Amino acid sequence: MTLPLFEKYPALEKALPWMSIGDYPTPVQKMENLGREIGYSNLWIKRDDKSSGIYGGNKVRKLEFAIADALRKKKKYMITVGGVGTNHGLATTILCSNAGIKTVLVLIPQPITDKVQENLLLDRHFGAEINTGHSTLEVYLRAAWALLTHPKFYLLWAGGTSPLSTLGYVNAALELKGQIDAGVLPEPKYIFVATGSMGTTAGLIVGARLAGLKSRIIGVKVSMDEYSNVRGTVSLANKTAALMRRYDRTVPEMRFTPADFDLELNFFGGEYGRVTPEGEAAVDLIKKTEDIGLETTYTGKTLAAMFDFVKKDKSLNGAPVLFWNTYNSVDYSETVRQCGGYKTLPGNAQWVCKDNLIPYLK
Ligand SMILES: Cc1ncc(COP(=O)(O)O)c(C=O)c1O
């Protein structure tokens with residue numbers, strides 16, 4: 001299979017590392033029940049939670065580039081960083097192990113939820129080496145040291161974000177355009193997406209421009225300022241566009257500025273991973289009305305921001321609004337049940353899972 005990105009810019013396919021992992025296009029559906037519940041009848045969802053039957057969510061599109069790059073460079077280990085419950089770390093662990101690459105995680109504390117505990121147990125189950133640090137600086141120094149001392153290590157920054165992996169979301173916007181053209185959904189006036197390490201948002205901004213989409217991207221900040229900010233998103237969009245043009249001169253020259261998107265700051269809650277009441281309520285409501293499972297660190301906050309927006313913005317006039325679901329929906333509860341509990345974790349990580357919050361393990 002090939003990607004809309006490569007169909008449009010064939011020179012990129014020849015030049016850039018990419019391997020097929022996901023199932024595309026991911027489905028789009030109208031959220032009728034949820035719309036009825038909140039009094040807005042034109043809500044849509046892009047189901048990137050179904051991006052792969054192995055492990056879904058937004059990391060798949062990024063890792064198709066990053067893992068292929070690591071294999072091309074003959075790397076044997078993927079080292080990456082994040083909170084102790086990082087979805088990115090788990091996606092990397094599972095998808096890299098399928099590609100014969102071992103994942104080394106360097107993790108920092110974050111508020112503990114059932115999803116955080118599930119992810120850490122699964123990291124271990126799928127063979128990740130788990131290291132913990134106390135601060136972002138320490139984690140980055142340890143990752144940098146590992147990189148310097150081990151030639152077979154490939155470094156993925158937090159969230160798996162780089163200009164190369166951001167191409168996964170440039171492609172995703174082109175994919176959405178194909179679905180609009182095919183009549184699967186109307187062109188959204190707004191697209192809401194979680195902004196953690198900014199790769200997903202930046203990719204959609206670039207892709208929307210290339211696809212000629214009029215949809216405005218609204219990133220919802222869910223991480224600390226150093227990871228989620230306007231300047232960084234714009235800079236990543238520009239670097240991604242430059243990367244494309246370097247390998248394919250048919251890509252138009254593009255310059256992105258802060259005017260090209262919005263970053264909603266009011267749903268962060270002051271701390272990465274902190275459970276907010278609005279986020280939790282949004283997770284509960286989409287579960288009840290559409291039977292879609294989200295989490296409270298990224299997608300719950302993003303959906304809460306979208307609810308607030310459609311309730312308040314009087315100029316919308318019932319226009320279509322799309323929520324981009326970036327969380328995995330492949331059910332790993334049976335694997336978690338068989339994981340063997342917190343004692344399987346290295347000593348310095350056991351505290352995360354010691355007081356169990358996972359409902360089905362109680
Ligand atoms: C479920 C989920 N949504 C959104 C994001 C944020 O994506 P990005 O880091 O590309 O901004 C992440 C990142 O880990 C995630 O796990």
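How many nonpolar, polar and charged residues make up the shell around the ligand? In this predicted model, the shell has four nonpolar, eight polar and two charged residues. That is a good place to start a tour, so let us look at who these neighbours are.

There are 14 residues around the ligand, and those that come nearest are Lys 59, Lys 62, Ser 197, Thr 200 and Thr 326. Two of these offer side-chain contacts to look for on screen. An N or O atom in the side chain of Ser 197 is 2.5 Å from an oxygen atom of the ligand, and the side chain of Lys 62 places an N or O atom 2.6 Å from a ligand oxygen. The backbone takes part as well: an N or O atom of the Gly 199 main chain lies 3.4 Å from an oxygen atom of the ligand. On its own the ligand has 390 Å² of accessible area, and the protein covers 98% of it.

Now step back to the setting. The ligand sits in the second largest pocket. Helix α4 (59-72), strand β7 (190-195) and helix α9 (199-211) each supply at least two residues of the shell. Because domain 1 (4-57 + 162-325) and domain 2 (59-161) both give residues to that shell, the ligand lies between them.

Finally, here are two backbone details away from the ligand discussion. Most peptide bonds are trans, and most residues other than glycine have a negative phi. Tyr 24 and Pro 25, however, are joined by a cis peptide bond, with omega about -5°; Pro 25 lies in the loop between α2 (10-15) and β1 (28-30). Lys 74, in the loop between α4 and β3 (77-83), has a positive phi, near 60°.

Conventions:
Residues numbered from 1 in each chain as written. Predicted model: local features only at pLDDT ≥ 70, side-chain atom pairs only at ≥ 80, totals over all residues. Heavy atoms only, no water. Near = heavy atom within 4 Å. Polar contact = N/O pair within 3.5 Å; in protein donor to acceptor, adjacent residues only side chain to side chain. Areas by Shrake-Rupley, 256 points an atom, 1.4 Å probe, with all protein chains shown as cover. 1 Å grid on protein atoms, 1.4 Å probe; cavity = no way out; pocket = protein on both sides within 12 Å on 5 of 7 lines; lining within 4 Å. Sits in = over half its atoms within 2 Å of the grid points. Helix = DSSP H or I, 4+ residues; strand = E, 2+ residues; numbered from the N terminus. Nonpolar A, V, L, I, M, F, W, Y, C, P; charged D, E, K, R; others polar. Domains from an automatic or database assignment.
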